[in-house]
Amino acid sequence: MLSATADHAIRAVLVLARADRVMRAEEIADATGAPHNYMAKTLNALAKTGLVTSARGPAGGFTLAVAPSAIPIARIVDLFDVPRIRTRCMLGNVPCDPANPCAAHECWTRVMRARREPLLSTTVADLLGGAALPIAADARDRKRSTSSAA
């Protein structure tokens, strides 16, 4: 349903929403399981839209710029997965004609609307269950258990 990039972006925003500090791209990548360079590009795209802020330098990193309750998931997804306007009829390889719909048109329109509605009505805060718990300790604990197992 979502591209890998949109999925990583949602996870990054959730990590930042739980963080109580500036986080480096590498930390966020480790916390989400994303490749470091991939996460850096994703975070920079989020920064360009104003969802996160970024700062360069030794003390730099990323922070959430918008309140979690003000970020619908669709806002994140739409940055990476552009909603497609259907141009072909579902029942053939001809242009879709909403003025003269085929038998599948109205049903498929409802399906697509139902698929999109949860992305519009669910916020980052909803996914967090209203809890803004720090992620830093979770990531440190996972690193510690991984390095001690090796």
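**Figure 1. Arg11 and Asp7 pair up within helix α1.** In this predicted model, Arg11 forms a salt bridge with Asp7. The two residues sit 4 places apart in helix α1, so about one helical turn separates them. Their closest N and O atoms are 2.7 Å apart. Arg11 is partly exposed, with a relative accessible area of 41%. Asp7 is also partly exposed, at 28%. A search of the whole structure finds 4 salt bridges.

**Figure 2. Arg21 and Arg24 each take part in a salt bridge.** The side chain of Arg21 meets that of Glu27, at 2.8 Å from N to O. Arg21 has a relative accessible area of 31% and is partly exposed. Glu27, at 27%, counts as partly exposed. Arg24 forms its salt bridge with Glu26. Here the closest N and O atoms are 3.9 Å apart. Arg24 is partly exposed at 36% relative accessibility, and Glu26 is partly exposed at 37%.

**Figure 3. His8 is a buried residue of helix α1.** Where in the chain is His8 placed? His8 belongs to helix α1. Is His8 buried or exposed? Its relative accessibility is 13%, under the 20% limit, so His8 counts as buried. Beyond its neighbours within four places in sequence, His8 is in contact with Gly33, Ala34, Tyr38 and Met39.

**Figure 4. The largest nonpolar core has 30 residues.** In soluble globular proteins, nonpolar side chains tend to be buried together. Which members of this core touch the most others? They are Ile28, Leu43, Leu46, Ile76 and Val124. Helices α1 (4-18), α2 (25-32), α3 (36-48) and α4 (73-80) each supply at least two core residues. The largest share, 8 residues, comes from α1. Ile76 shows how parts of the chain meet. Setting aside neighbours within four places in sequence, Ile76 is in contact with Ala9, Ile10, Val13, Leu46, Leu51, Ile71 and Val124.

**Figure 5. Ala65 lies in the loop between β2 (61-64) and α4.** At 39% relative accessibility, Ala65 counts as partly exposed. Apart from neighbours within four places in sequence, Ala65 is in contact with Gly50, Leu51, Val52 and Thr53. Ala65 and Val13 are 52 residues apart in sequence. In space, their C-alpha atoms are 10.0 Å apart.

**Figure 6. Five residues make a nonpolar surface patch.** The patch covers about 440 Å². Its members are Met90, Leu91, Trp108, Val111 and Met112. Trp108 lies in helix α5 (residues 105-121). At 31% relative accessibility, Trp108 is partly exposed. The protein chain as a whole exposes about 9,200 Å². Carbon and sulfur atoms supply 57% of that area.

**Figure 7. The protein chain has 7 helices and 2 strands.** Along the sequence they follow the pattern α-α-α-β-β-α-α-α-α. Of the 150 residues, 31% count as buried. Take the contacts between residues at least 6 apart in sequence: 62% of them join residues at least 24 apart.

**Figure 8. Residues 132-150 have pLDDT below 50.** The mean pLDDT of the protein chain is 83. A value of 70 or more is reached by 83% of its residues. Beyond near neighbours in sequence, the stretch 132-150 has 14 contacts in the model. Where pLDDT is low, the predicted coordinates should not be read in detail.

Notes: Residues numbered from 1 in each chain as written. Predicted model: local features only at pLDDT ≥ 70, side-chain atom pairs only at ≥ 80, totals over all residues. Heavy atoms only, no water. pLDDT = per-residue confidence, 0-100. Contact = heavy atoms within 4.5 Å. Patch = residues over 30% accessible without salt bridge, like charges linked within 9 Å, V, L, I, M, F, W, Y side chains within 5 Å. Areas by Shrake-Rupley, 256 points an atom, 1.4 Å probe, with all protein chains shown as cover. Buried < 20%, exposed > 50% of the residue type's maximum accessible area, 1.4 Å probe, protein only. Core = buried A, V, L, I, M, F, W, Y, C linked by side-chain atoms within 4.5 Å.
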